[in-house]
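Reader: I would like a close look at a single part of this model, the lining of its main pocket, and after that a careful account of how the surroundings are held together. Please take the steps in order and keep the reasoning visible.

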Amino acid sequence: MNVPYSWLKEFIPDLPDTEKVTELLAGLGLGVEGVTELSAPPKDVVIVEVVSNQRIETSDHLQKTEVSDGATTYQVVCGAPNVNVGMRTALAKVGVTLPGAGFTVAKREIQGIESNGVLCSPKELDLYDYGGGLIELGDDVALGTELSSVWAGDSIIELEITPNRADA
């Protein structure tokens, strides 16, 4: 069974660090098989809304997309199949290093169109392994908010629940 450290912390606000928690759980007879660290998104990745989206005629999958963070509009060339007007997603601004993609975002010209950032999949942000489309976010957080402030890193504790510990 996988248990997020942040979930435990909701129930026990003064919970010690992950290493101490795993020792305590093992002392209670629960086998801890491992701990997986989930990283937070990098700084300067902000929540944006897609304002417009046009297919680029010289490409079979690229689109000229305009997104807004509430104050500024950015033009971005995007190849994600799920991009659509009105969706909220994550924009990595110029200068951000994307850990899941292994490159630093730069202003580029793609198919003759200037691109000022990267609209991100969860894989590019190193959040989880899905890279087939953009991360889709709800409208409960203000545009322009840094994604790292609402999607913090976490530790996942993997427990072995044996048949004799049904109480666990």
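Author: In this predicted model, four strands, β5 (73-78), β8 (103-104), β9 (108-110) and β11 (118-119), each supply at least two residues of the lining of the largest pocket. Among the contributors, β5 gives the most to that lining, with 3 residues. The pocket itself has a volume of about 430 Å³, and of the 23 residues that line it, those closest to its centre are Val77, Phe103, Val118, Leu119 and Glu124. By character, the lining divides into 13 nonpolar, 8 polar and 2 charged residues.

The cysteines can be taken up next. A search of the whole structure finds 0 disulfides, and Cys78 is accordingly in none, the nearest cysteine sulfur being that of Cys120, 9.6 Å away. Because a disulfide requires two cysteine sulfur atoms within 2.5 Å, the separation of 9.6 Å between the sulfur of Cys120 and its closest counterpart, in Cys78, is too far for a bond. Both residues are nevertheless shielded: Cys78 counts as buried at 4% relative accessibility, and Cys120 is buried as well, with a relative accessible area of 0%.

Charge pairing comes after that. Side chains of opposite charge can pair when their charged atoms come close. A search of the whole structure finds 1 salt bridge, in which the side chains of Glu49 and Arg88 meet at 3.8 Å, N to O. Glu49 lies in strand β3 (residues 45-55) and Arg88 in strand β6 (residues 88-92), so the pair ties together parts that are 39 residues apart in sequence. As for their surroundings, Glu49 counts as partly exposed, at 25% relative accessibility, whereas Arg88 is buried, with a relative accessible area of 15%.

A last residue to examine is Val150, which is found in helix α3 (residues 147-150) and is partly exposed, with a relative accessible area of 44%. Although Val150 and Ala40 are 110 residues apart in sequence, they are 9.3 Å apart in space, C-alpha to C-alpha. When neighbours within four places in sequence are left aside, Val150 is in contact with Ile47, Val141 and Thr145. Of these partners, Ile47 falls within the range of strand β3, residues 45-55, the strand that also holds Glu49 of the salt bridge.

How values were computed. Residues numbered from 1 in each chain as written. Predicted model: local features only at pLDDT ≥ 70, side-chain atom pairs only at ≥ 80, totals over all residues. Heavy atoms only, no water. 1 Å grid on protein atoms, 1.4 Å probe; cavity = no way out; pocket = protein on both sides within 12 Å on 5 of 7 lines; lining within 4 Å. Points joined across faces, edges and corners; volume = space filled by probe spheres on them. Nonpolar A, V, L, I, M, F, W, Y, C, P; charged D, E, K, R; others polar. Buried < 20%, exposed > 50% of the residue type's maximum accessible area, 1.4 Å probe, protein only. Salt bridge = Lys/Arg side-chain N within 4 Å of Asp/Glu carboxyl O. Contact = heavy atoms within 4.5 Å.
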